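Okay, thanks for coming, everyone. Let me put the structure up and then we'll walk through it together.

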Amino acid sequence: MIKPLHKTVLTILLLLFTFTAFSQTGDLPGADEKTTPDDKSNAGTSSFKFGLSYLSNNVFMGRSDTVRTPMIVPQVKYALKSGIYFSGSLDFLPNKKKNKLDGGDISAGYDFDITQDLSGSASYAKLFYSQTSTQIAAAISSTFNINFNYDISDIISPSISSDYNINKQGIGNDFFVNLGLTHDFINQGIFGDKDILLISPTATVNTGTQNFYDAYLTKKKLKTAKRTAAQNALFAKYISQLSQYALLDYEISAPLEYKSGHFIFQFTPIYAIVKNQLPKTVAAKISDEPSVFYFETGVFLKF
């Protein structure tokens, strides 16, 4: 019997696939892609993109579990020529013996250009998690995002992104501001005249509140763990600060994307330096590493 989470997410994705099957397709850059010379030449058309990605560890704002949690994520996205897009994804945990479908999301957004060098996007995502999910961000029910990117003479691109997360009932909401710097290296004609290789070294600073983390600690039963009075006092002080705005982590990444015809191959290594994490003296059941390395890779078809 299909559980409510499975049924809801699969139904939404089926409707999305059905909608795109009767729509005009083309090549328009999505919000999750870098704009390349090939994209610019195909601007003003609609596109359909689907594929599969693998995440080596479930990390959110530098926070991770003591046990590495890899994920397999099928994704689909349809973008209209106006810049409006719709997307959906599912989260499968291959290491789990049961209930491998752990969550998913559906989203809608709008990509826009303000000037030739200044672009932005706005989106809303509805997230779904199974009742047994131990993902770091499992308390988040929906997310509003807006971001802007400015290209300075093709040398460097500063960006700013802001998220407002609505958490599950009884948990305070979260607000994030993320700052980034990127430089793109583009090489055309690797194996074919129209093939494109894009490498984008990126440095990011993530800041925000951590009510989502409070919910995670509660689910991990860390609040009821046996400790000394001094440890309990330190833990209580840390919990009380999770609703305060703070620096969360620094991230260094180097997204790599190779486009050949309708195929897109992606690989992104990420190194996160964690800040304001749980004190080591009370972190027996949670990751207290000062840094974490993980990667995401995937293959997609775009029409």
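Let's start with Y54, which is partly exposed, because its relative accessibility is 28%. Keep in mind that this is a predicted model. Y54 belongs to strand 1 and has a ring partner, F295, over in strand 15, 241 residues apart. The ring centres are 6.1 Å apart and the planes sit at 50°, so we call this pair tilted. F295 counts as partly exposed too, with a relative accessible area of 25%. That's one pair out of 14 aromatic pairs in the structure.

Now, what does the backbone do around there? Strand 1 and strand 15 run antiparallel, joined by seven bridges. Y54 has a bridge partner in strand 15 as well, and that's T297. On to strand 2: strand 1 pairs with strand 2 in the antiparallel sense, over nine bridges. If you look for S53, you'll find V73 of strand 2 standing opposite.

Okay, next, the loop between strand 1 (47-55) and strand 2 (71-79), which is where M61 sits. Is M61 buried or exposed? Buried, because its relative accessibility is 12%, and the cut-off for buried is under 20%. M61 also has a positive phi of about 55°, and it is not a glycine. For background, most residues other than glycine have a negative phi. N276 is another non-glycine residue with a positive phi, about 50° here. You'll find N276 in the loop between strand 14 (263-274) and strand 15. N276 is partly exposed, because its relative accessible area is 44%.

Back to the loop between strand 1 and strand 2, since F60 is there: F60 pairs with F212 of helix 3, so parts that are 152 residues apart in sequence get tied together. The F60 and F212 pair is edge-to-face, with 4.9 Å centre to centre and 90° between the planes. F212 has a relative accessible area of 0%, so that one is buried. And ring pairs carry on from there, linking F60, F176, F212, Y213 and Y216 into a cluster.

So what about helix 3 itself, residues 211-219? Seven of its nine residues are buried, so helix 3 is largely enclosed by the rest of the structure. Among those buried residues are N211, D214 and A215.

Which residues have the most contacts inside the largest nonpolar core? That core has 19 residues, and the ones to look for are F212, Y213, L217, Y238, I239 and L242. Strand 5, helix 3 and helix 4 (229-240) each give two or more residues to this core. Helix 3 brings the largest share, with four residues. There's also a second, separate core of nine residues, including V59, V73, A272 and V292. We've met V73 already, opposite S53.

Let's come out to the surface. Y124, F144, Y164, F175 and Y245 make a nonpolar surface patch of about 490 Å². Y124 is in strand 5 (residues 118-129), and it's partly exposed, because its relative accessible area is 34%.

Last stop, F303, in the segment after strand 15 (291-302). How far is F303 from S46? They're 257 residues apart in sequence, but 8.5 Å apart in space, C-alpha to C-alpha. F303 is partly exposed, because its relative accessibility is 31%. That's my tour, thanks for listening.

Conventions:
Residues numbered from 1 in each chain as written. Predicted model: local features only at pLDDT ≥ 70, side-chain atom pairs only at ≥ 80, totals over all residues. Heavy atoms only, no water. Buried < 20%, exposed > 50% of the residue type's maximum accessible area, 1.4 Å probe, protein only. Pairing = 2+ DSSP bridges. Patch = residues over 30% accessible without salt bridge, like charges linked within 9 Å, V, L, I, M, F, W, Y side chains within 5 Å. Areas by Shrake-Rupley, 256 points an atom, 1.4 Å probe, with all protein chains shown as cover. Salt bridge = Lys/Arg side-chain N within 4 Å of Asp/Glu carboxyl O. Core = buried A, V, L, I, M, F, W, Y, C linked by side-chain atoms within 4.5 Å. Phe/Tyr/Trp six-rings, centres within 6.5 Å; stacked < 30°, edge-to-face > 60°.
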